[in-house]
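Hi,

Here is the structure I promised to pass along. Have a look at it first, and then read my notes below.

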Amino acid sequence: MVKLPVELGNRMNFRSDQVETVTDKQLPLSIYESVVKSLFDDRISLMIGMVTLAIAPIVLFWKTGDVNQLWFSTLLAVLGVVRLAVTFRFLNLPQRAYSRKKLNSWENRYAVVGNLYIAAIGCWFLYGFAASDDTFVHLLSISSLLSYLIGTIGRNFGSGKVIWQQIIASGVPILVALTAFGSVYHSILAAFLIPFFISIWVISSRLRKMLFGAVISAHEQKIIADRFNMALNHIAQGIAMFDRDANILVSNPQFEKMIDQAGAGLVGKNLNRLENTKQIWCIESGQKTSFVDEIGASLAERTSKRFSYRSDVGETIEVDFYPMPKGGVLFLRDISEQVASEQEIQNLASFDPLTKLANRRTFMQAMSELTDVRGVQEPASMFFIDLDKFKEVNDSLGHAIGDEMLTIIANRLNLAVPDNGLLCRFGGDEFVMVVPGLVDREECGAFADKLIREISKPLSIDTHDIRSGATIGISIAPENGQNADQLLKAADVALYAAKATGRGSHSFYTDNLGERIRERRQLETDLREAVENESLILYFQPLINVKLAKITTCEALLRWEHPVKGMISPTVFIPIAEEIGIISQLGEFVLREATKACMTWPEDVHVAVNISSLQFQQSDVHAVVKKALDDSGLDPSRLDAEVTESAMLDDIEATSKTLGRLKKLGVKISLDDFGTGFSSLSYLHTLPLDKVKIDRSFISGIVDDERSLTLLSGITDLTNNLGLKIVVEGIETEEQSTLLCSNVRVDEMQGFLFSRPLPTKDIATLLNSDRLWNIGEDDKSETSNEHSKRAVA
């Protein structure tokens with residue numbers, strides 16, 4: 001038995017300081033092979049011992065004249081020759097991998113001939129004591145035997161089996177001879193020899209442990225070296241180590257490739273003496289420089305450094321240098337794909353994915369730059385453009401034709417906008433254009449007519465000849481407003497005035513449009529009254545879990561049925577509520593009623609409630625949510641708090657803190673309308689989100705625009721990798737559903753394809769029906785049609 005690492009017999013993945021008792025049979029093959037080879041390695045000492053022992057009986061024959069001593073000399077010589085023959089035969093075997101069975105056979109051969117040899121020595125010793133009382137005979141016999149036995153430690157300590165067998169083979173004759181044929185003093189000597197034999201065993205065991213420790217340590221170092229080389233040669237990063245004189249101590253193929261030295265074998269070369277090293281364009285400094293110069297400066301300064309560069313072939317490489325006491329380590333990472341992806345997503349966050357025009361966020365940022373030092377808008381004209389008959393085209397010819405129409409018109413507008421102008425797609429079929437310096441009404445009117453003529457030119461899309469048009473509302477700064485919001489409101493009012501006079505025209509904002517403002521104020525008053533009387537109602541639109549094919553969440557949607565005007569769209573009264581400061585009251589009402597309704601639903605169904613950005617500013621959202629949960633008794637985990645990205649713009653730190661408190665409460669956090677203009681990847685990383693809702697604007701073009709589908713797939717993959725669930729809104733066709741299921745990682749879907757928003761009573765009926773949806777397949781069940789018809793009614 002010998003001390004070895006616990007895992008050694010199983011995995012060869014061990015540390016030399018982890019030991020456990022195992023048998024020789026449990027030794028790994030490589031270690032066992034070293035043990036067996038060690039038995040045969042010391043040929044010189046073996047030959048010297050054999051010659052000496054063959055001569056010793058001859059000396060005793062010369063001393064005593066006993067002929068039997070010659071026979072013992074012959075026997076020892078013959079057995080010695082056999083031992084040498086076995087040893088040389090093993091050493092002359094071809095170098096190849098030995099099997100455990102083969103090695104065990106050779107160990108046994110060594111043990112047999114060794115035991116026979118030492119047994120012969122023992123018999124010779126026993127005979128010397130039995131046949132002679134000569135003191136010299138006794139002294140030479142015991143000294144020869146003990147000397148040989150001590151020599152076995154050096155030759156055979158690797159095999160515990162051989163050691164103890166030889167101790168027994170030699171020890172028994174010595175003890176028998178001393179006690180049987182000697183005096184009482186010889187018996188005392190025999191007693192003292194027993195600890196000697198034990199010491200031989202202990203010493204050999206200790207030497208064996210040292211042998212295994214050395215072998216194991218070498219094996220560990222080889223494993224570490226092999227793993228290091230494997231990792232170094234296959235890692236995607238380029239890695240190199242330098243000494244303080246810039247000599248390359250370690251480098252991998254990726255490093256050599258990235259500095260245009262592929263296959264050059266850089267180890268041992270000096271960095272400053274490399275030829276044909278690439279010139280790089282340093283992104284941080286914006287200057288062209290030498291890669292060698294940048295790294296050489298870092299080595300000389302002995303400071304950590306990170307920079308990125310762009311090569312002549314378009315690669316973007318990130319460089320990290322870390323100094324060490326006697327040099328430094330350099331890491332190169334090709335981030336070209338990452339940079340391209342980030343640029344794509346940044347474009348998606350700043351530009352409309354369909355028309356590639358600036359989105360609202362980018363437009364508002366650009367507008368903020370058109371102000372003087374007092375924050376007053378510089379002289380400019382704003383054109384609010386609404387396409388005529390777009391809805392008819394979209395409904396009759398399909399969304400694909402409608403999207404192509406929008407793209408073509410966007411290109412026409414882009415060609416028409418002056419070099420210093422701003423153009424954005426504001427949403428749907430609306431565009432906004434700002435022309436700095438253009439304030440003359442006659443010139444503005446002529447420019448608006450030019451835009452209408454450009455938009456009204458015939459369109460030919462997929463064999464369809466389409467004629468569109470446009471109506472434009474115009475506001476002028478600073479006359480009609482001193483900031484972007486005021487100008488937009490004025491232009492919007494002017495647009496409605498133009499529509500009232502007929503399509504294909506333009507209208508300026510004037511004070512005569514005040515009546516419209518008065519009507520709006522009346523609407524504000526009516527809304528306040530509706531909020532106070534709690535006469536608004538909740539509708540719920542289901543979210544379908546793709547895997548379970550059933551409803552797992554229902555989004556609460558607020559509706560207002562005006563006593564005179566009828567049903568008013570949330571897109572109308574929600575902005576009014578935010579402007580007049582009652583959005584928090586609306587939010588409290590929705591939370592209270594939504595959690596109360598959810599308590600009547602199956603326990604596995606959640607309710608999603610949108611929290612306005614102004615609610616974070618005007619109320620204690622955490623307290624409001626907690627009160628609604630306490631009053632209704634709803635489990636917090638069944639409430640999804642949906643927050644739009646606009647809520648992050650005002651005070652992301654405070655908003656994040658509030659969301660964190662809601663998260664600790666058990667509420668699920670969703671990022672709503674992701675990608676509508678305020679998108680930031682940092683939100684996905686920094687906010688305590690559970691779910692991301694992809695806005696419907698991403699879905700409209702996926703059927704016919706492979707690029708849109710690719711961008712959507714990239715965003716969902718990134719979000720999924722962050723451990724967030726994905727909801728896609730605005731699913732209206734089976735084709736969209738099927739395409740998403742086949743190409744995009746989606747957890748839940750929402751849209752008119754599955755169900756329109758339903759009143760509280762109808763959504764409860766739908767949930768209790770335990771209906772399963774055929775996601776991505778034709779779904780024309782009467783139940784779906786019945787609910788849709790009821791919702792429309």
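**Salt bridges and other contacts**

Glu-534, Arg-592, Glu-593 and Lys-596 are joined up in a network of salt bridges. Before going further, bear in mind that this is a predicted model.

Within that network, Lys-596 pairs with Glu-593, and their closest N and O atoms are 3.6 Å apart. The two sit three residues apart in helix α18 (residues 583-598), so about one helical turn separates them. How accessible are they? Lys-596 is partly exposed at 45% relative accessible area, and Glu-593 also counts as partly exposed, at 23%.

The structure holds 18 salt bridges, and I picked out a couple of others for you. The side chains of Glu-555 and Lys-693 meet in one, at 3.1 Å from N to O. Glu-555 belongs to strand β18 (residues 550-562) and Lys-693 to strand β23 (residues 691-694), so this salt bridge ties together parts that are 138 residues apart in sequence. Is the pair buried or exposed? Glu-555 counts as buried, because its relative accessibility is 7%, under the 20% cut-off. Lys-693 is buried as well, with a relative accessible area of 0%.

Then there is Glu-479, whose side chain meets that of Arg-441 in a salt bridge (3.4 Å, N to O). This pair links distant parts of the chain, 38 residues apart: Glu-479 is in the loop between β15 (469-477) and α15 (484-501), while Arg-441 is in helix α14 (residues 441-456). Glu-479 is exposed, with 57% relative accessible area. Its partner Arg-441 counts as partly exposed, at 32% relative accessibility.

**Towards the start of the numbering**

Next, a pair of helices. How do α2 and α4 pack? The angle between α2 and helix α4 (residues 100-131) is about 20°, and their axes are 12 Å apart. That angle makes α2 roughly parallel to α4, since anything under 35 degrees counts as such. The crossing of α2 and α4 is left-handed.

There is also a nonpolar patch on the surface, of about 400 Å², made by Ile-58, Val-67, Leu-70 and Trp-71. One of these residues, Val-67, is found in the loop between α2 (43-64) and α3 (68-91). Val-67 is partly exposed, and its relative accessible area is 47%.

**Two neighbours in helix α13**

Last, a look at Leu-406 and Thr-407. Leu-406 lies in helix α13 (residues 399-416), and at 1% relative accessibility Leu-406 counts as buried. From Leu-406 to Phe-390 the C-alpha to C-alpha distance is 8.7 Å, with their positions 16 residues apart in sequence.

Thr-407 also has its place in helix α13. What about its accessibility? Thr-407 comes out at 18%, so Thr-407 counts as buried, given that buried means under 20%. Thr-407 and Leu-357 are 50 residues apart in sequence, yet 9.4 Å apart in space, C-alpha to C-alpha.

If you open the model, you could begin with the network of Glu-534, Arg-592, Glu-593 and Lys-596, and then turn to the buried Lys-693 and its salt bridge with Glu-555.

Cheers

Notes. Residues numbered from 1 in each chain as written. Predicted model: local features only at pLDDT ≥ 70, side-chain atom pairs only at ≥ 80, totals over all residues. Heavy atoms only, no water. Patch = residues over 30% accessible without salt bridge, like charges linked within 9 Å, V, L, I, M, F, W, Y side chains within 5 Å. Areas by Shrake-Rupley, 256 points an atom, 1.4 Å probe, with all protein chains shown as cover. Salt bridge = Lys/Arg side-chain N within 4 Å of Asp/Glu carboxyl O. Helix = DSSP H or I, 4+ residues; strand = E, 2+ residues; numbered from the N terminus. Buried < 20%, exposed > 50% of the residue type's maximum accessible area, 1.4 Å probe, protein only. Axes fitted to C-alpha atoms, helices over the stretch in contact; angles between N-to-C directions. Parallel < 35°, antiparallel > 145°, perpendicular 65-115°, else oblique. Left-handed = near helix turned anticlockwise from the far one by under 90°.
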